[in-house]
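Student: Could we go through this model together, one question at a time? I would like each term explained where it comes up.

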Amino acid sequence: MNAKTNRRWIPAIGYTLAIGFINNLLVAPFTNQDLVEWGPMLTALGILLGISGARDYLTKNKSGDIPKAVSDKGWKRKWIPVIGWALFGGFFINCALAPYIKVTCNDWSQLIALLTVLLGISGARDVSLIPQKTED
């Protein structure tokens with residue numbers, strides 16, 4: 001097996017977490033579906049984003065390309081916006097639907113924790129990947 005197939009489990013975990021967030025934020029308010037435990041799910045998300053962000057930062061100067069091209073992520077990171085859209089749905093349910101129809105609101109502390117993890121880690125990653133200005 002090559003390195004690409006050896007590491008497919010990493011985005012697979014990301015997509016599995018996305019399913020958990022979709023369940024908790026978009027399905028459970030309407031169905032009383034059992035929730036996936038928030039704490040471990042947020043911890044796993046933080047680990048995935050934190051370590052992959054650190055990897056991007058540490059590999060950014062290893063070639064002339066930005067880390068996306070260095071590590072050939074492509075589809076592998078598309079699970080991150082899926083979680084972001086599930087988060088949007090959670091806020092939408094709480095703010096736009098719950099005042100008008102009978103649904104179970106999402107836990108605000110979990111919404112805020114997820115927002116903090118997503119924006120905090122992705123923001124730090126983005127800032128760290130901005131090319132340094134060179135003085136001419």
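Tutor: Helices (H or I, at least four residues) and strands (E, at least two) are DSSP runs, numbered from the N terminus. This is a predicted model, in which local features need pLDDT of at least 70 and side-chain atom pairs count only at pLDDT 80 or more, while totals for chains, interfaces and linings use all residues. Residues are numbered from 1 along each chain as its sequence is written, and side-chain values use heavy atoms, with hydrogens and water left out.

Student: In which helix does Leu26 lie?

Tutor: The chain has 6 helices and 0 strands, and along the sequence they give the pattern α-α-α-α-α-α. One of them spans residues 9-31, and the helix in which Leu26 lies is H2.

Student: Is Leu26 buried, partly exposed or exposed?

Tutor: Buried means under 20% relative accessible area, exposed over 50%, and partly exposed in between (1.4 Å probe, protein chains only). Because the relative accessible area of Leu26 is 31%, this residue is partly exposed.

Student: Which residues make the nonpolar surface patch of about 240 Å²?

Tutor: Patches are made of residues with over 30% relative accessible area and no salt bridge, with like charges joined within 9 Å and nonpolar side chains (Val, Leu, Ile, Met, Phe, Trp, Tyr) within 5 Å. A salt bridge here is a side-chain nitrogen of Lys or Arg within 4 Å of a carboxyl oxygen of Asp or Glu, and accessible areas come from the Shrake-Rupley method with a 1.4 Å probe, where for residues only the protein chains shown count as cover. Helix H2 gives the most to this patch, with 3 residues, and the full membership is Ile22, Leu26, Val27 and Val82.

Student: On which residue is the kink in H2 centred?

Tutor: The bend at a residue is the angle between axes fitted to the seven residues ending there and the seven starting there. The kink in H2 is about 40°, and the residue on which it is centred, also one of the buried residues of H2, is Asn23.

Student: What is phi near in Asn32, and where does this residue lie?

Tutor: Asn32 follows H2 and lies in the loop between H2 and helix H3 (38-59). With 62% relative accessibility, Asn32 counts as exposed. Its phi is positive, in a residue other than glycine, and near 60°.

Student: Leaving aside neighbours within four places in sequence, with which residues is Gln110 in contact?

Tutor: Gln110 is found in helix H6 (residues 108-128), and because its relative accessibility is 18%, Gln110 counts as buried. Taking contact to mean heavy atoms within 4.5 Å, the partners of Gln110 beyond those neighbours are Trp38 and Leu42.

Student: How far apart in space are the C-alpha atoms of Ile51 and Ile121?

Tutor: Ile51 lies in helix H3 and, at 57% relative accessibility, counts as exposed. Along the chain, Ile51 and Ile121 are 70 residues apart, whereas the separation of their C-alpha atoms is 9.7 Å.

Student: What pLDDT does the chain average, and over which residues is the pLDDT below 50?

Tutor: pLDDT is the predictor's confidence in each residue, from 0 to 100. The chain averages 78, and 71% of the residues score at least 70. The stretch below 50, which has 13 contacts in the model beyond near neighbours in sequence, covers residues 64-71.
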